[in-house]
Amino acid sequence: MPKRTSVLLLTALLSVGACGKKADTPKAKDDAAKGPTAAPLAMPTSGVEAIRRMNFTYGSEGSDAYRKALVAYKAKPHDWAGVKTHCETALAKDGAHIGAHWLYGLALAQAGDHAAAVDHLVAAISADYWRYGAQLDKEEDLKTFLGTPHGAAVLEVAGKIHDDYKKRASVGLWLVGRRSTFKWPEKPGAQSSTTRGELYAFDRETKRYLRLTHTDDQVAGFVRSTSGSEVVVVGFDKIDRPKGDDPTPLVTHAFVQAFDTTEWNPIGQKTTLATPARELAVGYGEGDRLLVAAAPPNGRWGIGAPVISSIDRSTGKLTKVGAALPVPRVVFSLEEGRVVRAPQGIKAAWTGDPPTAPSLEIGGKQIAIPESGAAAQSTVASSPDGARVAFATAVDPCAKDVAPSLYVVDAKTGALKHLLTAKSRFTTRWLDATTLAYEDGDGAIRLWDATTAREIGKLENKPGLALDVLSLAPAPLCKQAPPTADQGSGSADEPMPPEEGSAGGPVTTPNP
């Protein structure tokens with residue numbers, strides 16, 4: 001057996017009287033209070049230190065062994081000996097392998113090695129609670145184990161992890177992150193493909209990521225409702241990359257799904273969009289009415305007239321409407337994503353597409369835009385108390401020697417503070433009255449503190465990271481030539497991590 005690799009140790013084992021076979025048998029209700037108990041488990045740290053940890057199925061040295069463990073688990077009946085052996089190999093190569101910890105915990109519980117199972121089960125639950133912990137008490141393969149003192153201890157600490165996840169997610173920095181780099185399929189045509197992204201909350205205290213959604217890594221972007229009680233995500237699992245020297249890629253099978261922001265359960269049925277689209281947009285209209293728009297291509301870079309529909313949350317059905325596009329909204333194509341919003345408390349003469357303005361009126365003061373003489377509407381964000389406004393200058397993304405700059409203006413004095421000049425979309429979000437998050441153009445999200453006028457953090461995830469919606473590349477798109485991305489089979493060679501079933505899902509999945 002390999003060296004123990006779990007992230008949590010059992011703080012105390014059962015009393016000596018619990019060592020026999022009898023102690024592993026669930027107690028009757030009248031006897032439960034008199035029987036031996038396991039000491040409470042130490043509370044682990046919630047989440048993972050890097051989003052790449054969620055690529056454990058295919059991006060880990062233990063991946064091959066883990067897939068063999070999945071095969072053994074999916075056998076009928078379960079091949080628990082095979083699960084155990086292959087998980088031991090996987091964990092020996094990658095001690096942080098989340099899926100292997102979970103499967104190994106199941107195998108140990110089935111073998112009656114309850115004390116050893118504890119650490120591995122808790123390691124998986126703490127790394128991804130909404131995947132492994134939310135249905136713990138309904139897990140058939142742990143039914144007997146959960147009736148033992150060790151199982152009771154796991155249930156107790158899982159409850160604490162649940163509460164910790166909820167608390168940290170509610171105040172964390174929400175973002176979309178990719179588990180691995182997006183790759184265009186090697187061959188043209190209609191085929192399976194995904195963003196490889198999910199919605200996460202970054203906890204600034206622990207500097208860890210808490211995974212919030214489980215969509216088979218298909219999330220492209222998200223919008224939070226006005227009430228804050230739900231969030232809607234948009235994503236896809238099939239695309240069409242036509243033949244030709246300069247093809248316009250289309251999303252051919254997309255989805256929209258709302259989630260509650262308390263327990264992160266899906267709200268109603270998922271909405272499927274099966275009509276090929278060059279661009280998709282989703283957001284909340286008046287009264288938190290959920291709206292989605294799909295637009296066809298119009299030449300290589302042009303966008304045709306969008307078809308706007310409302311979504312019945314309970315059934316997922318679409319109804320075409322004559323409503324205007326919602327604001328705020330995220331807009332997504334296979335090449336670029338952007339957020340569209342109306343800055344609160346700020347007056348400006350917005351013109352053009354994307355909208356820009358030569359000045360901003362903040363608190364009755366006219367703020368002239370430096371450098372390019374125009375501010376990009378998508379970058380403007382006011383702090384919750386209205387004391388500060390962030391904005392970036394607007395420049396031609398095809399200009400080689402010019403880059404936009406990000407500024408923060410003091411609403412009271414009108415004083416400007418320059419933060420960064422870079423080839424960035426400069427999507428911004430105030431986390432509180434003094435902390436600004438922004439995309440820096442190099443694939444990272446930076447945190448800036450207004451009280452010290454200094455950078456206080458930097459979130460990096462090379463495969464992709466975005467405040468609202470993923471793009472093919474972190475820099476703005478110059479619409480003169482197709483953007484580049486890694487060539488490779490993003491489908492057949494690297495299927496998506498399984499998401500269904502107690503052990504992590506089917507051995508193979510049809511939609512990588």
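Two strands count as paired if DSSP finds at least two bridges between them. With that in hand, let's look at this predicted model. One open sheet here has four strands, in the order β5-β4-β1-β31, and the pairing is antiparallel. There's also one disulfide to meet.

**The sheet**

- Strands pair through backbone hydrogen bonds, and they can do that either parallel or antiparallel.
- At the edges of this sheet sit β5 (208–211) and β31, each with pairing on one side only.
- Helix α7 (residues 149–171) packs on the sheet, where it touches β1, β4 and β5. The direction of α7 makes about 105° with that of β5.
- Strands β1 (residues 173–178) and β4 (residues 197–203) run antiparallel and are joined by six bridges.
- If you want a spot to look at, find Gly177, which stands opposite Glu198 in β4.

**The disulfide**

- Cys398 and Cys478 are the partners, with their sulfur atoms 2.0 Å apart.
- This pair ties together distant parts of the chain, 80 residues apart. Cys398 is in the loop between β24 (388–392) and β25 (405–410), while Cys478 is in the loop between β31 (465–466) and β32 (486–487).
- The torsion about the S-S bond of Cys398 and Cys478 is about 105°, so this disulfide is right-handed.

**Buried or partly exposed?**

- Cys398 has 22% relative accessibility, so it counts as partly exposed.
- Cys478 also comes out as partly exposed, because its relative accessibility is 22%.
- Cys87 is at 0% relative accessibility, so it counts as buried; the cut-off for buried is under 20%.

Notes: Residues numbered from 1 in each chain as written. Predicted model: local features only at pLDDT ≥ 70, side-chain atom pairs only at ≥ 80, totals over all residues. Heavy atoms only, no water. Disulfide = S-S within 2.5 Å. Helix = DSSP H or I, 4+ residues; strand = E, 2+ residues; numbered from the N terminus. Buried < 20%, exposed > 50% of the residue type's maximum accessible area, 1.4 Å probe, protein only. Contact = heavy atoms within 4.5 Å. Axes fitted to C-alpha atoms, helices over the stretch in contact; angles between N-to-C directions.
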